[in-house]
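Please open the structure in your viewer and keep the selection tool at hand. The stops below move from one selection to the next, and each says what is to be found there.

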Amino acid sequence: MDKLNILCLMMALCAVIAACCAVWLYRRQMVKLMAQLGQMVDEAVNGSLDEHLFDESQLSAVEARLKQYLTQCAVSSQSLAKEKDKIKSLIADISHQTKTPIANILLYAQLLSEYELPETCKPCIQALTDQAEKLNFLISALVKMSRLETGIITVTPKPCQIEELLTAAIDQITPKAQEKQITLIQAASTKTMVLCDPKWTIEALYNVLDNAVKYAPPDSVVTMTIEPYKLFCRIDITDQGPGITEEEWSKIFSRFYRSPAVSDHEGVGIGLYLTREILSAQSGYIKVASQPQKGSTFSLFLPIKGE
Ligand code: ADP
């Protein structure tokens, strides 16, 4: 081998060694960079990120931008909390300020109805009473809905006997059912325990019962059954009302949806929305099975209290 060949070989060897060193150095730098970035993200997650790189490296720029982003996040979550507080006091104000005038309208309407007035006044007084009652219902429903949505009301599940809650809801609906001669039938007794917030669950059950009574024809029957499964307890409420088409099954749980078929009944379309929100806040759910002209069954599922 002549000198030239040896020189070329040595140069190639040097080049390979230099390339290996460069790759090794690059990898080392990358590992270090990744470790620093990882540490930065950890600090950001813990809320303890502080700028400690003040050079002109790219890492320093990333650190500054991350810090800026976190500061903006903190500011927006503070203003979100402030907004929530404002909504909270607004809701409290609305419900407080409207309670007395509505109660007064109802009271004066009742006083008027007790006077001997011309016959033509009676429909006006009745309309006044009906509208005030509707306003009362609407405001309390809106207050409940926004309290749930803004997280002002927290649903606190605890062990409850489901039958007791159903009985409480039935007690509330009985006067309306009696007005329409609707028979409420509660199937065999059960001691099943569920995990739920009693006040809100009674509200959910009442909403479904209220619809059953409202939409079913007079002299019909509303049946309630309780069936415990392994994880959930199922409460079925079945009426003999007008039924709901399959296309509407999912729509009826959205806010303000009302089927055109029930336009002659009073309502605002938030009862089922609220019911679904209440159930999902306590890990439950609601389903409907129905056929037009054949009645509807609403099934409410609540988590069973384990051993
Ligand atoms: P509202 O009864 O005030 O309209 P809901 O949210 O309680 O509001 O119900 C939404 C819609 O679902 C009703 O407007 C009606 O079209 C339908 N619906 C609910 N329950 C029944 C029922 N038991 N039978 C027939 N339709 C029902």
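Begin by selecting helix α6, residues 271–281, which lies across β6 and β7 and runs at about 25° to β7. Helices (H or I, at least four residues) and strands (E, at least two) are DSSP runs, numbered from the N terminus; contact means heavy atoms within 4.5 Å, and axes are lines fitted to C-alpha atoms, for helices over the stretch in contact, with angles from 0 to 180 degrees between N-to-C directions. This is a predicted model, in which local features need pLDDT of at least 70 and side-chain atom pairs count only at pLDDT 80 or more, while totals for chains, interfaces and linings use all residues. Residues are numbered from 1 along each chain as its sequence is written, and side-chain values use heavy atoms, with hydrogens and water left out.

Next, add helix α5, residues 198–215, which packs against α6 at an angle of about 145°, with the axes 9 Å apart. Among the residues that meet here are Trp200, Asn207 and Asn211 in α5, and Leu272 and Ile278 in α6.

Now select the sheet, an open one of 5 strands in the order β2-β4-β5-β7-β6 with mixed pairing; two strands pair if DSSP finds at least two bridges between them. Its edge strands, β2 (183–186) and β6 (285–290), each pair on one side only. Starting from β6, you can follow 6 bridges in the antiparallel sense to β7, residues 296–303, where threonine 297 stands opposite alanine 289. From β7, 8 bridges lead to β5, again antiparallel, and serine 299 in β7 stands opposite aspartate 236. Aspartate 236 in β5 also stands opposite threonine 225, and β5 forms a hairpin with β4, with 3 residues between them.

Then bring in helix α4, residues 162–179, which lies across β2, β4 (221–228), β5 (232–239) and β7, running at about 170° to β2.

Finally, select the ligand: which residues are the closest to it? Of the 19 residues that surround the ligand (each with a heavy atom within 4 Å of it), the closest are Asn211, Tyr215, Asp239, Arg258 and Leu272. Look here for polar contacts, pairs of N or O atoms within 3.5 Å. An N or O atom in the side chain of tyrosine 215 is 2.6 Å from an oxygen atom of the ligand, and a polar side-chain atom of aspartate 239 lies 2.8 Å from a ligand nitrogen atom. A polar backbone atom of serine 259 is 3.0 Å from an oxygen atom of the ligand.

How values were computed. Polar contact = N/O pair within 3.5 Å; in protein donor to acceptor, adjacent residues only side chain to side chain.
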